[in-house]
Each structure stands twice: as structure tokens, then as C-alpha cells.
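Me: I would like to work through this structure by question and answer, with the reasoning spelled out at each step. Please look at the sequence and the model first.

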Amino acid sequence: MIHLAVRNAKPGMVLAEAVCNLHGTLLLKQGVELTLRNVMMLKSWGIRKIFVEGEGDEDEAGDKKRSDSDVAETMRGTDYEGLEGKFSDVLDDEVMVEVMRVARNRLQRRLPERKGNDETQ
Amino acid sequence: MKPNNLTRIIGKVDDLPTLPRTFLKITELVNSPKSSAQDLARVITDDQILTARLLKLVNSSFYGFPRRVSTVRGAIVLLGFDAIRNLLLTTSIFDLFSNMNRKGKFQREQLWDHSLGCAVGAKVIGGYLKYDKIEEIFVAGLLHDIGKIVEMLFLPKEFQKIAALIEAKDILMVTAEESVLGYTHAEVGKMLAERWNLPSKLVHIIAHHHGPPHAGKFIQEAAIVHLADILCRAVDIGSGGDRKMPSLCQTAWETLQLKVSDIEPIVGEMEAEFEDIGLFVNHSL
Ligand SMILES: [Fe+2]
Ligand SMILES: [Fe+2]
């Protein structure tokens, strides 16, 4: 079992332990295979660490399931969807429009940054 | 009319989490004009864990002192009384989050991250405003949602209902709380803060972080935490308990006198500092 940061989670990894949200509501069952969609869902709930099947440390796990080249694109799409729903009630305020723009930028930027880190490890 | 449940919690007030005795002693010392750095050092060094934490935190990147601080006295001289008190309050709050049972583990972690993110955010915004009590505003951020912890501990059934309502309707936690309880975590938090005899500034910030104009002379502080809360939700630092953005209070925004173009650098600094202090606080305290 590997204790893994959600930001290093890759599609195809299998959950070794169930994940619950802030309220204790079950988000994903043990044994579920991760997809881009449910990784984004975990992030949107602010989940930072999960347990996935496998042996070894976090970095090796990341290498084994290295994501496809188009993964970044798909992830961005999912981010936008979540972001729009989240901000839907507050966009009549110019400051919140800016907050959303910044949030979108930060989410985008996290992807290439992570790639860079993977390569140096 | 006081809602039933709130009365119920007040009834259990003796069971509410308490602060360690050392903290109370230190608060007393800090508030007394007669006490010296030596008095304070004596109380702290009596407690080994506290001493270790204090020195670790003082030497962390959060303060960024160029030289190593190796004595409690040195730390007090460098940071000042108020900062030390707030620092000790921080470690006590962390214990409170850790003392929950295993079932509450995920909840606790996410709420802790949200609180820590908000604390860091408040510190960064405070820096932009040249606000002079940075440690205090940091602690205020850390404590702003403490009412949610109390609800988890003392109203577990209602808390489940609130959770179910949020899931079903995708609404803000405060909206769900109003409909299930008739009051919110802000009021519950205020009650706890009063019970802990926290300074009235902190009580007001906790009580009004969703409505800063009600915070009276502490409107600026409440507005700082209000904005910090919104910014950490925006970039998903932890979880405040729902997936909606609360609206920004116009009066609060005007009070801060920030520019729209300040948002981006503030968020950038927040994320960087959160990574820094998050690593430190989560593993060492
Ligand atoms: Fe709140
Ligand atoms: Fe909050």
C-alpha cells in the first residue's frame, strides 16, 4: 500500500482504502480504479492524500503509471467544468471574476510544474 | 429565541474542548504589564513539548530569521510576547484538530488544511495592508471555522444532515446550517472563543468572518479573514465543507482597499507559503 499525494495520483491506480469527504460521506470505495474524473473530484473536495495499491515509495508508483501525453489537456477541461459550477452564483462581482481567472490559471499551472518535478526525481 | 440545539451545546459547555493550562498561564503573563521575558521563559521551559515546538517554529521558514534561535529566552526577545502567545495558541489548536477519533480523520485533515490555508492567506493579505499584528491575524484565520469542529463533536447527527443537504443541493455550508440548525458555525465558534476567554478581537473575527460589517471596530480584521477564506476555497486548499464559492462582501472588499490586480500575487504567495508551513506544521507539531 502506498500513501500518495493526490496531485501525484495517476489514472489506473487502484485505491487501497476508501476515501471520504469532510462530512465522512464516502466518495470512492476501496478497489476503485482511478480515472481523471475522479482524481479531479478528489481534488475539488480538498483531499490531499490517498492510499493506493502497490509497493514501494511514492515516486516509483508515479513512474509506473506515467500518464499519457494528452492527460494534461483532458484535466484542464475537467477543471473548467468544476470551476464554473463553483463560481456560478458569484460572477456578478468583478473581483470574483478575477478570483476565478486566477484560480483557473493556478490550476493550469500546476500541471506542467508537476511534470517538471517528475523528471528531476 | 435561542435555537434549541445551540442551547443544547451551551448545556454541554463543560465538555467543550479546553485549552491547556500552560496556555492560560501564559495569557495571564502576557496580559500583565509587570511580567518579564524571564517569567514567560520560565513557564514555557517547564513544559518540554512546548519548548521543543516553540524552538522548531521559531527556526522554521515561517519567520525566516537568518540565525538559529536556540533558547526560549532568545525566541521571546525576538518575537515578543504577543507573538509567543499566538504561536502557543496555534499549537493548541492543532492538538484540538488531532484529538478527533479515527472516523473523523479525513474531515479533520481537510478542515485543518482549509484553516491553515486561511491563516496563511490572512497573513499574506495582512502583509499587503501593512497590518501590524500578523501573528494575531494568522491565528484568527486558523480559528475562523472552529465552530465546525464543535458541530462535528457535539452535533454529529445534525452535522450528517447538513452534509447530506450540501451533497444533494450543492449549496454553501452556511445555507445548509441555517436550514438544519437555525444558526451557523460562526455563532458556535463565537461561543467557544468566549468560553476560552480569547481576546475580543478574535471573538469578533470568528463570529463575523461571513459578515465583516457586523464586526464593529474589528471590521478590517474580519474582512481580511473573509477574503482569505474565499481565496483558499478558490484554489482548493483543503475544504471548507462544500464546493461553492461564497460571495464577497462588498463592504469588506472596500474596507481592505486592495486593487483587483492584487489578487493574483496574493494567491501566489499564499500557495507558496502554504506548502512551506503546511509541511512544517503537519509533520512537526
Ligand atoms: Fe466559515
Ligand atoms: Fe472557512
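Me: Is H209(B) buried or exposed?
Reply: In this predicted model, a residue counts as buried when its relative accessible area is under 20%. The relative accessible area of H209(B) is 0%, so H209(B) falls into the class called buried.

Me: Which residues coordinate the iron ion (ligand 1)?
Reply: The donor atoms lie at 2.1 to 2.2 Å from the iron ion (ligand 1), and in sequence the donor residues follow the spacing D-x39-H-x23-H-H. The aspartate contributes OD, whereas each histidine contributes NE2. The residues are D145(B), H185(B), H209(B) and H210(B).

Me: How many residues apart in sequence are the parts that H185(B) and H209(B) tie together?
Reply: The donor residues of the iron ion (ligand 1) are spaced D-x39-H-x23-H-H in sequence. H185(B) lies in helix α12 (residues 185–195) of chain B, while H209(B) lies in the loop between α13 (200–207) and α14 (219–234) of chain B, so the pair ties together parts whose separation in sequence is 24 residues.

Me: Which residue coordinates both the iron ion (ligand 1) and the iron ion (ligand 2)?
Reply: The two iron ions, ligand 1 and ligand 2, are 3.5 Å apart. Among the donors of the iron ion (ligand 1) is an aspartate that contributes OD, and the residue that coordinates both ions is D145(B).

Me: Why does the sulfur of C232(B) form no bond with the closest cysteine sulfur?
Reply: A disulfide requires two cysteine sulfur atoms within 2.5 Å. C232(B) is buried, at 0% relative accessibility, and the closest cysteine sulfur to its own belongs to C118(B). That sulfur is too far for a bond, because the separation is 4.8 Å.

Me: How many disulfides are there over all chains?
Reply: C249(B) counts as buried at 17% relative accessibility, yet the closest cysteine sulfur, in C118(B), is too far from its sulfur for a bond, at 15 Å. Over all chains, the count of disulfides comes to zero.

Me: Are α8(B) and α14(B) parallel or oblique to each other?
Reply: The axes of helix α8 (residues 134–143) of chain B and α14(B) come within 10 Å and cross at roughly 55 degrees, and the crossing is right-handed. Angles under 35 degrees would count as roughly parallel, and those from 65 to 115 as roughly perpendicular. The two helices, α8(B) and α14(B), are therefore oblique.

Definitions and conventions
Residues are numbered from 1 along each chain as its sequence is written. Chains are lettered from A and ligands numbered from 1 in the order in which they are written. This is a predicted model: local features need pLDDT of at least 70, side-chain atom pairs count only at pLDDT 80 or more; totals for chains, interfaces and linings use all residues. Side-chain values use heavy atoms; hydrogens and water are left out. Donors are N, O and S atoms within 2.8 Å of the metal (3.2 Å for Na, K and Ca); water is not among the atoms, so sites may look incomplete. Helices (H or I, at least four residues) and strands (E, at least two) are DSSP runs, numbered from the N terminus. Buried means under 20% relative accessible area, exposed over 50%, partly exposed in between (1.4 Å probe, protein chains only). Axes are lines fitted to C-alpha atoms, for helices over the stretch in contact, and angles run from 0 to 180 degrees between N-to-C directions. Angles under 35 degrees count as roughly parallel, over 145 as roughly antiparallel, 65 to 115 as roughly perpendicular and the rest as oblique. A crossing is left-handed if the near helix is turned anticlockwise from the far one by less than a right angle, and right-handed if clockwise.
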